[in-house]
Structure formats: structure tokens, C-alpha cells
Amino acid sequence: MSRALTPSPSSHGSGTPHPATGLPSGSLAGRVRVPGDKSVSHRSLILGALSLGETQITGLLEGEDVLNTAKACAQLGATVERIGEGHWRVEGVGVGGFRAPDEMLDFGNSGTGVRLMMGAVAGTPITATFDGDASLRKRPMRRVLDPLTAMGVEVVSAAEGGRLPLRLRGLAELSAFTYETPVPSAQVKSAVLLAGLAAAGETVVREREATRDHTERMLTHFGAQVQVEPFGPHGRIITLKGRPTLTGAPVVVPSDPSSAAFPLVAALLVPGSDVVITDMMMNPLRIGLVTTLLDMGADITILAERTEGGEAVADLRVRHSRLKGVEVPPERAPAMIDEYPILAVAAAFAEGRTTMRGLSELRVKESDRLAAVADGLGVCGVVLEVQGDDLVVEGAAQVRGGGPVATHMDHRIAMAFLVMGLASSEGVAIDDTTFIATSFPTFMPMMRGLGAQIA
Ligand code: S3P
């Protein structure tokens, strides 16, 4: 097994914290390409493992979350090899072909990894134990266990409230199922669809608000029959024909808009900046942040729009801008769910008030992000209010900064507040940078290469 299949022990949160400070910085400049998309990276490994034959992946995100998924696929019997930087090869075992793992499957910090793999394992008659770090052990798993058990999976054991660590027993043939997701979650939708691969008949997922559609697109790419229809004003119905033969297929992973969000907002906030972010995925279900920032008056030019590996991609030129506060509607949340921490930072520098509505799902991410963002903004002297599930930020031309901001094992809280420090008057200290490695291992050198002062 290659070195890269062994994530660092820090993914358990037991390591020594590494504090850092984002310092007031001069103008940022340069061209950067952020690493591969985390959602597509997880799915490329999982679908490769569920296929027969070879899947070659290029541009894979080599962050801890994805490496944990790679390791789990290998524990379940797939051959997973690193050929070169971002270039991986998976030899799959086919739907229903996983073998029982000798040891528990450890997903570290990753909700996507564990929830999708529970769905992938569901259609094999094996028993497997799923676990993760202290953050992942706090996160709700019933949202996935409920539909999977309705399809026939047995929960052999689970921690209180259906949380990790938990043990599942799959079945060779699951019941086809029609499920309306009670929360807008691509992870829940994906777990049900992956389980549906082992069901005779059609598995149908209805979502009232459309969430990222990488699983549907990639299932089709690997040979499954998937139909997508509209459902109400914002939703979709996805129908999967069970028992397909999935065949290994090449995957080109586009770069991650949720990672690009950090240099993008940094360039908007630091005076004099002019940065180009290349090859960013522009899937409409992922770019709610760009829509919102354009509403706020951001100077973002979308260049060289094209399609690569089945996804829309573009280069973005971003220049320092004087932003103004806006209302962000709740129906936009699924298209920017991971971007609220960095949007809240942008809002702190905007003229006037920004109201972000319908953020209940932020409470069940790697941390309670609504609380973590509110606390961090408060520590840095920003005026804000949490009203139920809405966040209201009063912008100001100058943000003092301060700290240390508590990051709660959450990569996006860490990166958002380091970016805030670059445009603040006194800098922003955070308590730990360790978890940045889960999604954006090159964040520090990339930001410093643009001119960011991070000590
Ligand atoms: C993801 C879905 C989202 C997102 C997460 C990645 C995915 O979670 O927050 O970072 O790859 O499916 P939910 O499905 O829980 O909203």
C-alpha cells in the first residue's frame, strides 16, 4: 500500500495544535490553481471501487479526508494505487463485491467519506465498523441510517443517538426504495443512490432543494442508468435503475470551488489585489458564493468558460472590491453550504448589513459552524447577530481582528479566519491549523505565494 494511504494521526484530533496568525498583508497577486474537488475525489474512488476494471483518476485531492476514503476502499478489497501527484488507479470489485474489512474503517474528519461509504457497503453481505475523529463522532448519522435500514441494512451497534462508531451489516439484495430527503443533503442522497445500486428495481430520491449532483453525473459516467427530473420550484427527482454493471472509467477531477473561495475572498478584501484562480469548477450547484459576491459588487471576471471531464470549468480574475451588504436567500444555501464561513468574513468588510438565511445545516458540519463563525466574528470585533437559523453581519470599512479564534477541528473555520486576518488592522490568530490538511493541504504555501502574511 502506498505511503499516501496512511493519513497522519492528527486526523484523530489527538495531535498538538498548531496555532497561526493571518497578518495585515500588502496586495495579493498571481495565478493559482487550487487542488481537486473534494466531493468529486471521494466519489471517483468509491465508484472506481464499485466498478469492474480500471479507473484512472487525475487531479485527485490528496487531502486527509480523501486519503481516508482511499484507504477504506483498499480495506474493502479494491486495489488503490498512487501513480504520481494526483494520479491514482483503482481496480474495482464490482457492485456487491466488497470483502469484509479486517479492521474498522476510519474516516477521520470526513462526513462525506463515511456517509457515502455506508451507502456503498450497504449492498454487500458483510459487516463493517465505521468510525472517525472526535468531530465526526458528534455528527448525525441517523439521516443516513434511516433510509438504509428501510432498504434492509442492519445496524448491529451504534453509539448513542445513532452516532459513530457504528457497525453495519449489508445485504446482497436491498429493497428498491423511494425516499424524500428530510434535509437538503447530497451526502444523504448519495448514500441512498449508492445503496440503490444493489437493489432490484428503481431507487428514487426526491429532494425539495437540489443539492450538488456529482453522484448522479458520475454514476452515469460509470455506466448506470440515472434519470433526473424537476421537483417543485427548486428540487429534483433522481431515479436509478438497480443492478447495473459499473465499468471503470477515467475521471478528471476539476479544482474545488469550496477551496477556491479562500484566495477568491482574500483577493476581494485585501486592497490592491489582482488574482487569477484557474480551472475552477463552475457546476451551478456549487457556485452560490460567486453569485452572492457578484450581488455584493465584487469585481470577478469569468474567463475561458469550458467543459472539462464533464463539468463546467472557468478561470476567475478577482480584484479588490468595495463590497456592499446583501440578503442571501435560503434557497441558495445548498449551492454554497460550505462557503458561509468565508462569506461571513467578506460580509464583515462590506458596506451595510448582510443577512444569510436558512443556515440550520451549518450546525451539523465539521463543527457547529453557525456558532463558530458567530464566536469568531465577535472575537474580532465584528457586530453580528444570530436570529434562529439566520446570521446577520454588520459590515464595516475596518475590522480590528484579534483572537485566538477557536476552530473546533474545522478546516473551513481555520481558513476563513486566517483570510480575515489578512485584511484586518491587527491580524487574526486561530488556535489550530491542523485540520486544513483535510481539504486543502497546500493552503499555506499557496496563500503565501500570493503575498499573504501568515505567521
Ligand atoms: C458534500 C455535501 C455537503 C457538503 C460537504 C460535501 C458531498 O454536505 O457540506 O462538504 O460531497 O456530498 P451535506 O450533504 O451534509 O449538506
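**Group meeting: the ligand site and some backbone details**

A polar side-chain atom of Asp 338 lies 2.7 Å from an oxygen atom of the ligand. I start there, and I should say at once that this is a predicted model. Two other side chains make a similar approach. In Arg 43, an N or O atom of the side chain is 2.7 Å from a ligand oxygen. Lys 365 also has a side-chain N or O atom 2.7 Å from an oxygen atom of the ligand. As for area, the ligand taken alone exposes 380 Å², and the protein buries 95% of that.

Where does the ligand sit? It sits in the largest pocket.

Now the residues around it. Which ones are they? Going along the chain, the residues around the ligand are Lys 38, Ser 39, Arg 43, Thr 112, Pro 184, Ser 185, Ala 186, Gln 187, Arg 212, Ile 337, Asp 338 and Lys 365. Sorted by class, that shell has five charged residues, four polar and three nonpolar.

Next, which parts of the fold supply the shell? Helix α1, residues 38-49, and helix α6, residues 186-196, each supply at least two of its residues. Of the elements, α1 gives the most, with three residues. On the level of domains, at least three shell residues come from domain 1, which is 20-37 + 255-454, and at least three from domain 2, which is 38-252.

I will leave the ligand and turn to the backbone. There are two cis peptide bonds to show you. What joins Leu 164 and Pro 165? A cis peptide bond, with omega at about -5°. Pro 165 belongs to strand β9, residues 163-169. The other cis bond is between Gly 403 and Pro 404, and there omega is about 5°. Pro 404 is part of strand β24, residues 402-405. In both cases, then, a proline follows the cis bond and is found in a strand.

The last item is Ala 304. Its phi is positive, about 50°, although Ala 304 is not a glycine. If you want to find it on the screen, look in strand β18, residues 299-308.

To go back to the start: Arg 43, Asp 338 and Lys 365 each place a side-chain atom 2.7 Å from a ligand oxygen. That is what I have for today.

Notes. Residues numbered from 1 in each chain as written. Predicted model: local features only at pLDDT ≥ 70, side-chain atom pairs only at ≥ 80, totals over all residues. Heavy atoms only, no water. Near = heavy atom within 4 Å. Polar contact = N/O pair within 3.5 Å; in protein donor to acceptor, adjacent residues only side chain to side chain. Areas by Shrake-Rupley, 256 points an atom, 1.4 Å probe, with all protein chains shown as cover. 1 Å grid on protein atoms, 1.4 Å probe; cavity = no way out; pocket = protein on both sides within 12 Å on 5 of 7 lines; lining within 4 Å. Sits in = over half its atoms within 2 Å of the grid points. Helix = DSSP H or I, 4+ residues; strand = E, 2+ residues; numbered from the N terminus. Nonpolar A, V, L, I, M, F, W, Y, C, P; charged D, E, K, R; others polar. Domains from an automatic or database assignment.
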